Amino acid sequence: MEDIIKQLKKLQKIEADKRFTERSRVVIIGTQKRRSVWDVILKNVELGTSFALAGILIITIFGGFSAWRFLLPLKLSNLDTTGLKAEAQAVDIQIQLTNLNYDEITGAAESTAPSMESKNAPGKIWAENSSNRQPEETPSTRATSSASNGTLSIDEALEKLAE
Amino acid sequence: MLDGEVHIIKRAVRGDSSAFGLLYDHYQPKIYRFALVKVSHREEAEDLTHQVFLKAWQSIESYQDLGFPFSSWLYRIARNHVVDYYRTKKVTESIDDTDPEKAPVEHSLNSDLLEKLEVERVKNAIRKLKPEYQDVIIMRFVEDLPIRETALALDKSEGAIKLLQHRAIKEIQKMLGENVKY
């Protein structure tokens, strides 16, 4: 093993011709570096970007952020905030829960109806639709109708007790 | 490693040709030896060495110091050039047919004839190895590169280099042993 390594070490004596070495060195060092068009463009873009960023930084520091007023793309100087508020208040959107009846005997029967005060309110449309609709017979309504026929409701029972 | 190599490389990357000249002076003999053992002819080894350093100078801007030695970067370029050389070159003479006594003797080897023949015999034995065995033998035993640097140059793990080294030594031992019998 060591003999082999010793033999391999003999190859370290190999040297290049001195004339070749000198000539090659001069040629390589004297060679102009090739630069593609993309390299040049990339370098210029890098330089331009760094200058632009440095400029923005300087403006930000010395301008004390007041420059943002001019740099903002959308100017809102024509915006009338009081007018907007008044407009918002004029819109009458009132929805009230009314006529909530709770029937303990039959279970639960509830109805909600929006206020009819506003002519433009969507409740009006809802009310019209609901008045046109035929009352559907549900188990609960059936129960209430039967209750009114045979048994007393709490209100009626209370009225009778009061008498 | 060259004294102040990191600084010299930085200067060379910035385009300082004199800095690259220092790198050339230090690494050229190693790359030349590598090329000469890989290809049999002196002129072709010179040509390859020249191309390797030209390529290195042209693309040194892309070199990044990521903890890899500069030599491993150069050896990679050299290996690629050797591969290209064998891909494009029409080999007219079989390596097996090369007679060590007829092989060209280096100008610088002016010692006695037996010594030259011994060097040629070892060179020829290396050339008969697989390319990856050749690389490991040259880098580890001719250029005395540490395992880590060899692994980086050959893009392999340190374990793989140890294994390749073991196999390559066994192979070359067999070859040189057989030659001795003649």
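## Working through a two-chain helical model

Among contacts in chain B between residues at least 6 apart in sequence, 62% join residues at least 24 apart. Keep in mind that this is a predicted model. Grab the structure and let's go.

### Exercise 1: Two chains side by side

Find the helices, the strands and the buried share of chain A and of chain B.

*Solution.*

- Step 1. Start with the elements. Chain B has 8 helices and 0 strands, and chain A also has 8 helices and 0 strands.
- Step 2. Read along each sequence. You get α-α-α-α-α-α-α-α for chain B, and α-α-α-α-α-α-α-α for chain A.
- Step 3. Now look at burial. In chain B, 34% of the 182 residues count as buried. In chain A, the figure is 3% of 163 residues.
- Step 4. Finish with the contacts between residues at least 6 apart in sequence. For chain A, 36% of them join residues at least 24 apart; for chain B, 62% do.

### Exercise 2: A helix of chain A

Check the span of α3(A) against the expected one, and decide whether the helix is buried or in the open.

*Solution.*

- Step 1. Helix α3 of chain A covers residues 37-63, which makes 27 residues.
- Step 2. At 1.5 Å a residue, 39 Å is expected, and the distance from first to last C-alpha is 38 Å, so the two are close.
- Step 3. Count the buried residues among those 27: the number is 0, so α3(A) lies largely in the open.

### Exercise 3: Where the chains meet

Work out which parts of chain B touch chain A.

*Solution.*

- Step 1. Count both sides: 33 residues of chain B are in contact with 23 residues of chain A.
- Step 2. Sort the chain B side by element. Those giving two or more residues are α2 (17-38), α3 (42-58), α5 (113-127), α6 (131-142) and α8 (158-181).
- Step 3. Pick the top contributor: α2(B) gives the most, with 10 residues.
- Step 4. Sort by class. This side of chain B has 18 nonpolar, 10 polar and 5 charged residues.

### Exercise 4: The nonpolar core

Find the largest nonpolar core and say which helices supply it.

*Solution.*

- Step 1. A bit of background: in soluble globular proteins, nonpolar side chains tend to be buried together.
- Step 2. Here, the largest nonpolar core has 49 residues, and Ile31(B), Ala35(B), Leu74(B), Ala78(B) and Ile137(B) have the most contacts inside it.
- Step 3. Go through the helices of chain B: α1 (5-13), α2, α3, α4 (70-88), α5, α6, α7 (147-154) and α8 each supply at least two residues of this core. The most come from α2(B), with 10 residues.

### Exercise 5: Two helices that cross

Describe how α2(B) and α4(B) pack.

*Solution.*

- Step 1. Their axes come within 10 Å and cross at roughly 35 degrees, and the crossing is right-handed.
- Step 2. List who meets whom. Residues including Ile31(B), Phe34(B) and Ala35(B) in α2(B) meet a set in α4(B) including Leu74(B), Tyr75(B) and Ala78(B).
- Step 3. Sort the residues of this contact: 10 are nonpolar, 1 is polar and 1 is charged.

### Exercise 6: Helix α6(B) and what follows

Check the span of α6(B), then look at Ile137(B) and Asp144(B).

*Solution.*

- Step 1. With 12 residues at 1.5 Å a residue, α6(B) should span 16 Å; its end C-alpha atoms are 15 Å apart, so that agrees.
- Step 2. The buried residues of α6(B) include Ile137(B), Ile138(B) and Phe141(B).
- Step 3. Leaving aside neighbours within four places in sequence, Ile137(B) touches Leu8(A) from the other chain, plus Ile126(B), Leu129(B), Ala168(B) and Ile172(B).
- Step 4. Move on to Asp144(B), in the loop between α6 and α7 of chain B. Its phi is near 55 degrees, a positive value in a residue other than glycine.
- Step 5. Asp144(B) has 11 other C-beta atoms within 10 Å, so it is exposed, given that exposed means 12 or fewer.

### Exercise 7: Buried or exposed?

Classify Ile8(B) and Asp155(B) as buried or exposed.

*Solution.*

- Step 1. Ile8(B) sits in helix α1 of chain B. It has 20 C-beta neighbours inside 10 Å, so it counts as buried.
- Step 2. Leaving aside neighbours within four places in sequence, Ile8(B) is in contact with Leu2(B), Ala19(B), Leu22(B) and Leu23(B).
- Step 3. Asp155(B) lies in the loop between α7 and α8 of chain B. With 10 other C-beta atoms within 10 Å, Asp155(B) is exposed.

Key:
Residues numbered from 1 in each chain as written. Chains lettered and ligands numbered in written order. Predicted model: local features only at pLDDT ≥ 70, side-chain atom pairs only at ≥ 80, totals over all residues. Contact = placed C-beta atoms within 7 Å. Helix = DSSP H or I, 4+ residues; strand = E, 2+ residues; numbered from the N terminus. Nonpolar A, V, L, I, M, F, W, Y, C, P; charged D, E, K, R; others polar. Expected span 1.5 Å × (residues − 1). Core = buried A, V, L, I, M, F, W, Y, C linked by C-beta atoms within 7 Å. Axes fitted to C-alpha atoms, helices over the stretch in contact; angles between N-to-C directions. Left-handed = near helix turned anticlockwise from the far one by under 90°.
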